[in-house]
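Please look through the structure shown below before you try the exercises. Each task comes with a solution that you can follow step by step.

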Amino acid sequence: MMNDNETAPRTFRNLERPGVFFAAPDRSPLSFHQRLDRYAPTPLLDAPEIARRLGVGSVLLKVESQRLGLPAFKILGASWAIYRALRTRLPDLGDDWQTFDELVARIAPVRPITLAAATDGNHGRAVAHMAKRFGFAARIYLPAHTAQARIDGIASEGAHVEVVDGTYDDAVARSARDAGERCLVISDTSWPGYEEVPRWVMEGYSTIFWEIDDELARRGQSGPNLIAVQTGVGALAAAVVTHYRQADRTPSPAIVSVEPLRAACLMAAMEAGEIVTVPGPHDSIMAGLNCGRASILAWPIMAAGVDAFLAIGDERARESMRLLGQCGVIAGETGAAGLAGVLELLTGSDHARRRAELKINETTRILVLVTEGATDPAAYAKIVSAA
């Protein structure tokens, strides 16, 4: 196993980004989420201390540590995808319900049914949580060496949990075998013949960006010039591209994808010009990003819209967690990965060149997504208390 010092951070500039524009996503997922119990927009925080350290105009933190009762953003994609899948099963379900209890009553004809998913932690817990709320069963598959705290979190939602002897990609393959008349596979990655549900997951994440737009409009502020997004199979990053690469979007921000060095599957795809498998072990502490193969749905979107791909070591994530903690923001290892990428980008050994390439200066507005809270509390406490 390599340590953090054995391989330097890597960058891939997408110099051939075609500059295509995407159709503006609509607000249907936001409207759906607003009708769920416990819905509230998550905070969009200014971090002036971090901005000063980075030498930029401002840093905005979209903090997803509490979202619809769970400690991560994944519930947005999982809930919308499950709802859309149910509407496919029940064409007369309609969208005119007003409360979640009313929706639950309407889906009675589809029971009994099981939801299955593979996960590194947060997506599986989100699927299990929604299964419990709908009165469904859930089977969740995890890769070997998943932290016990994340396993326990999924089990607390009433799901059957199975740890697969292999990587996240092996867990994905195992979950796919469960698909059937009485089992819906709710995956945030895609493969040949399975793209509809992952597309709905991506759509569900659009709620984050509509909330950001609305809050910035309320403040009378312009949008970001640079967005750093942590990337596993690519669903969240593709959602960023889809939202911000629109013809009338001003400013049109630079977008940077951040991955662990040992699981940089999107960077590998860009370098190869096609999706390839990054062999394991995928053992970064940024557990939610330990993915060895890009989503076939997300990759072409990212190739069209991401400016730079950055692969970083775990120590940057630890540094980012501690820095966020000093600002009063609790972020797990994956949640802090976006800021970790910005730290490497703007303070690393090659920072002057990177600043020039991405046109970053003292007026730049940076958006960082803090995608999870302390999903492994013991590991979090150990990292943030370290000198």
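The exercises below concern a predicted model and deal with pockets and backbone features.

**Exercise 1.** Describe the largest pocket and its lining.

*Solution.* Start with the volume, which is about 490 Å³ for the largest pocket. Next, turn to the lining, where 24 residues take part and where His145, His282, Asp283, Ser284 and Asn290 are the closest to the centre. Helix α16, spanning residues 377-384, gives the most to this lining, with three residues. Finally, sort the lining of the largest pocket by class, which yields 10 nonpolar, seven polar and seven charged residues.

**Exercise 2.** Find the cis peptide bonds that precede proline 112 and proline 281, and place each proline in the fold.

*Solution.* Begin with arginine 111 and proline 112, which are joined by a cis peptide bond with omega of about 0°; proline 112 sits in the loop between α4 (100-106) and β4 (114-118). Then take the bond from glycine 280 to proline 281, which is also cis, with omega near 5°; proline 281 belongs to the loop between α11 (265-272) and α12 (298-305).

**Exercise 3.** Decide whether lysine 359 is buried or exposed, and describe its backbone and location.

*Solution.* First, lysine 359 has a positive phi, near 60°, although this residue is not a glycine. Second, lysine 359 lies in the loop between α15 (351-357) and β11 (365-370). Third, exposed means over 50% relative accessible area, so lysine 359, at 68% relative accessibility, counts as exposed.

Conventions. Residues numbered from 1 in each chain as written. Predicted model: local features only at pLDDT ≥ 70, side-chain atom pairs only at ≥ 80, totals over all residues. Heavy atoms only, no water. 1 Å grid on protein atoms, 1.4 Å probe; cavity = no way out; pocket = protein on both sides within 12 Å on 5 of 7 lines; lining within 4 Å. Points joined across faces, edges and corners; volume = space filled by probe spheres on them. Helix = DSSP H or I, 4+ residues; strand = E, 2+ residues; numbered from the N terminus. Nonpolar A, V, L, I, M, F, W, Y, C, P; charged D, E, K, R; others polar. Buried < 20%, exposed > 50% of the residue type's maximum accessible area, 1.4 Å probe, protein only.
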